[in-house]
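Please look through the following model from its overall make-up down to the contacts between its helices. The paragraphs below the display are meant to be read with the structure in view.

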2 protein chains.
Amino acid sequence: MTTKNSKKIELFGLLNFPLVRPGDDIASLILDLCKKNNLEIKDQDILVITQKIISKSENRYRILSLVKPGFRAYYYSLISGKDPRFVQLVLNESNRVLRAKKNTLIVEHKNGFICANAGIDHSNTDPQSDNNEETYLLLPENPDLSAEIIRQRISSDLRKQIGVLIIDSHGRAWRNGTIGMTIGISGIPGLVDLRGNEDLFGFKLKVTMVAASDELAAGASLLMGQSKEGIPVVIARGFPYKLREGKMSELIRPKKEDLFR
Amino acid sequence: MTTKNSKKIELFGLLNFPLVRPGDDIASLILDLCKKNNLEIKDQDILVITQKIISKSENRYRILSLVKPGFRAYYYSLISGKDPRFVQLVLNESNRVLRAKKNTLIVEHKNGFICANAGIDHSNTDPQSDNNEETYLLLPENPDLSAEIIRQRISSDLRKQIGVLIIDSHGRAWRNGTIGMTIGISGIPGLVDLRGNEDLFGFKLKVTMVAASDELAAGASLLMGQSKEGIPVVIARGFPYKLREGKMSELIRPKKEDLFR
C-alpha cells in the first residue's frame, strides 16, 4: 500500500527485550536493541513503554513481609479480602479509596488517575527475595519524569525529535477487560483540542477534545501482550498530531467535573 | 524494518471516502475505494469503521422539529439545559439516565454501553432538511448486525477471513478527552481471556482479560480524525489475537459488578 491513497500508523513491537534489573538504563537498552536488530527510530516516532520495565529499573519493588499495615489497611483488608500488607502498599500509593468491595479496591493514585490496586503488580515481577510470592512492584514514582529522562537521552543520542509514552493496563468502570492507558508523557500531547475546527459541513466542533495519547497507548498495548510474549517497548510511527511538550495531568478530569464520586 | 526483529501492527486510513447517503451500501463503497486506489484487504485484516457512516447509510437521521418531548424529557432538559426535543431523542435511545447536570447527560444506551447523549451526533451530519441545525444522527440500531452484514459481504466477495469493528468516540468517567471505543463487532473477539497463561516467571495470570477490540478501536480512531480530514474506514493489519465470532456485549460489565451506579 502506498501512502498516497492511505494515511498510515505503524506500530513495531521490539522483540527479545532483555530482562530489566534495578539500575538498568532503559534508554540504553532500547538503543542497543535497535542497533542490534537494525531497527531505526525515526524523527517524530513515539516510544511507547510499559510501566513495568520502568518500575523495575527504578527498583520499585516492595517485599510484602516488610510492610506494617495500619488501621485503614486492616479495614480495607476486611472489605476486600486482600492481604492487609498489600492493602497498606496500595494506600501508601493513593490519595483516596473510591470504592472497596470483595476482591476490589479502586483508588485515586497519587499521580491523579483512578485505577485498581494503585497499579501495584505481582505478575512478571522479577523475584527479589527467596519467596517469590512476596514481591510486589509499584508504579514509577513520577512517570512523566521517567519518560522525560528517556526522551532526552534518546533524542540527543539520535539527534531526532521523538516522544515517549509510559503506559499501564487499566480496567474501566463500565466495561470488561483492560486497555492500555497513559501514565507518563514526554514530548507528545496528552489531549488534543480540536474545538473551533470545522467539520465536513462547516459546523464548528464544540466539544471535541481527543485523548490522543490514550488512543496510542491502547493501540500499542495490543502488541505488548500480557504474558510470556512480553513486548515492553513499541515504536509508533505516524502519530497524526503535532509533537509538543505534554504531561499526564492533561488527561485527568478535574474532581469538580467528576459525576461519579 | 523486518518482521523478524519486530512484531507489527499497521493501520491504513482510507483517504477520499465518498460522502455516504441513506441507502448506500458501505461494503460496496469500501470495495470500490480499495479497487480504485489499488489497496488490498488481506486475509485476517480487520476493517474498523466509524459509526457515523453506518448511521447515515441506515438513515438514522432525526429532524428535531418533528420530535414531541414528554415529561421526562422536559425534566432532564431543565437539569441539562439541552433542548427538550434533543433530550427526548436521547431518552428514546437509552435504557436509563445515569447522571444529569448542566450540559451533561450520561445514559446507558439501549445497546448496553454507557455514553453521553446516547451517542447522538450533530457534527458531520449530512443535512436532510432545509434547516441544518435541526438534523441529528442516531447510532446504528444494531451495530453488531451492521458489522456482520458488511463482513459477510466483503468476506465472500474477497474470499478472505476478515473482521469488522464499528466504533464511536466516547468520553470517560475520570479522564479528559474522547477515545475510540467498540460499539459493534463481527468476526473478532471483543474480550480476550488470558487467565491461566503463565507470565515470564511462571506465575499464572489471574485477572487478565484484555479488551482487545477496544484497544484496536482506540488505535484506529487516532487516524480517523474528528473534523475535515474525516477518514471513516481504517484497515488494521497484524491484530495479534485469533479471529473468532464476537459480540459487543462481551465488553459490557454486568450491572451487579458495577461499583459506580
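What follows takes up chain A, its sheet and the helices on that sheet, then chain B, and finally a contact between the two chains.

The model is a predicted one, and every value given here should be read with that in mind. Chain A contains 6 helices and 12 strands, and of its 261 residues 60% count as buried. When the contacts in chain A with a separation of 6 or more are considered, 61% of them are accounted for by residues 24 or more positions apart.

Within chain A, a convenient place to begin is an open sheet of 3 strands, whose order is E4-E5-E6 and whose pairing is antiparallel. Strand E4 (94-101) and strand E6 (114-116) of chain A are the edge strands, each of them pairing on one side only, and the twist from one strand to the next averages 25°. E4(A) is joined to strand E5 (residues 104-109) of chain A by 6 bridges, the two strands running antiparallel; as one point of reference along this pair, A:Arg96 has A:Glu108 in E5(A) as its bridge partner. In general, the strands of a sheet pair through backbone hydrogen bonds, in either a parallel or an antiparallel manner.

Two helices pack on this sheet. Helix H3 (residues 71-80) of chain A touches E4 and E5 of chain A, and its direction makes about 30° with that of E4(A). Helix H4 (residues 84-92) of chain A likewise packs on the sheet and touches E4 and E5 of chain A, but the direction of H4 makes about 135° with that of E4(A).

How many of the residues of H4(A) are buried? The helix is mostly covered, with 7 of its 9 residues buried, namely A:Pro84, A:Phe86, A:Val87, A:Gln88, A:Leu89, A:Val90 and A:Leu91. The cover over these buried residues includes the helix H3 and the strands E4 and E5 of chain A, together with strand E3 (61-63) and strand E7 (135-137) of chain A.

Turning to chain B, the reader will find an open sheet formed by 3 strands in the order E4-E5-E6, with antiparallel pairing. Its edge strands, each pairing on one side only, are strand E4 (94-101) and strand E6 (114-116) of chain B, and its twist averages 25° from one strand to the next. E4(B) pairs with strand E5 (residues 104-109) of chain B in the antiparallel sense over 6 bridges, and in this pair B:Ser94 stands opposite B:His109 in E5(B). Helix H3 (residues 71-80) of chain B lies across E4 and E5 of chain B and runs at about 30° to E4(B), while helix H4 (residues 84-92) of chain B, which packs on the sheet and touches E4 and E5 of chain B, has a direction that makes about 135° with that of E4(B).

The last step leads to a contact between the chains. Helix H6 (residues 212-224) of chain A and helix H6 (residues 212-224) of chain B pack at an angle of about 130°, their axes lying 7 Å apart, which makes H6(A) oblique to H6(B). The crossing in which H6(A) passes H6(B) is left-handed. Among the residues that meet here are A:Ala212, A:Leu216, A:Gly219 and A:Leu222 in H6(A), and B:Ala212, B:Leu216, B:Gly219 and B:Leu222 in H6(B). By character, the residues of the contact of H6(A) with H6(B) divide into 8 nonpolar, 4 polar and 2 charged.

Terms used: Residues are numbered from 1 along each chain as its sequence is written. Chains are lettered from A and ligands numbered from 1 in the order in which they are written. This is a predicted model: local features need pLDDT of at least 70, side-chain atom pairs count only at pLDDT 80 or more; totals for chains, interfaces and linings use all residues. Side-chain values use heavy atoms; hydrogens and water are left out. Two strands pair if DSSP finds at least two bridges between them. Helices (H or I, at least four residues) and strands (E, at least two) are DSSP runs, numbered from the N terminus. Axes are lines fitted to C-alpha atoms, for helices over the stretch in contact, and angles run from 0 to 180 degrees between N-to-C directions. Contact means heavy atoms within 4.5 Å. Angles under 35 degrees count as roughly parallel, over 145 as roughly antiparallel, 65 to 115 as roughly perpendicular and the rest as oblique. A crossing is left-handed if the near helix is turned anticlockwise from the far one by less than a right angle, and right-handed if clockwise. Ala, Val, Leu, Ile, Met, Phe, Trp, Tyr, Cys and Pro count as nonpolar, Asp, Glu, Lys and Arg as charged, and the others, Gly among them, as polar. Buried means under 20% relative accessible area, exposed over 50%, partly exposed in between (1.4 Å probe, protein chains only).
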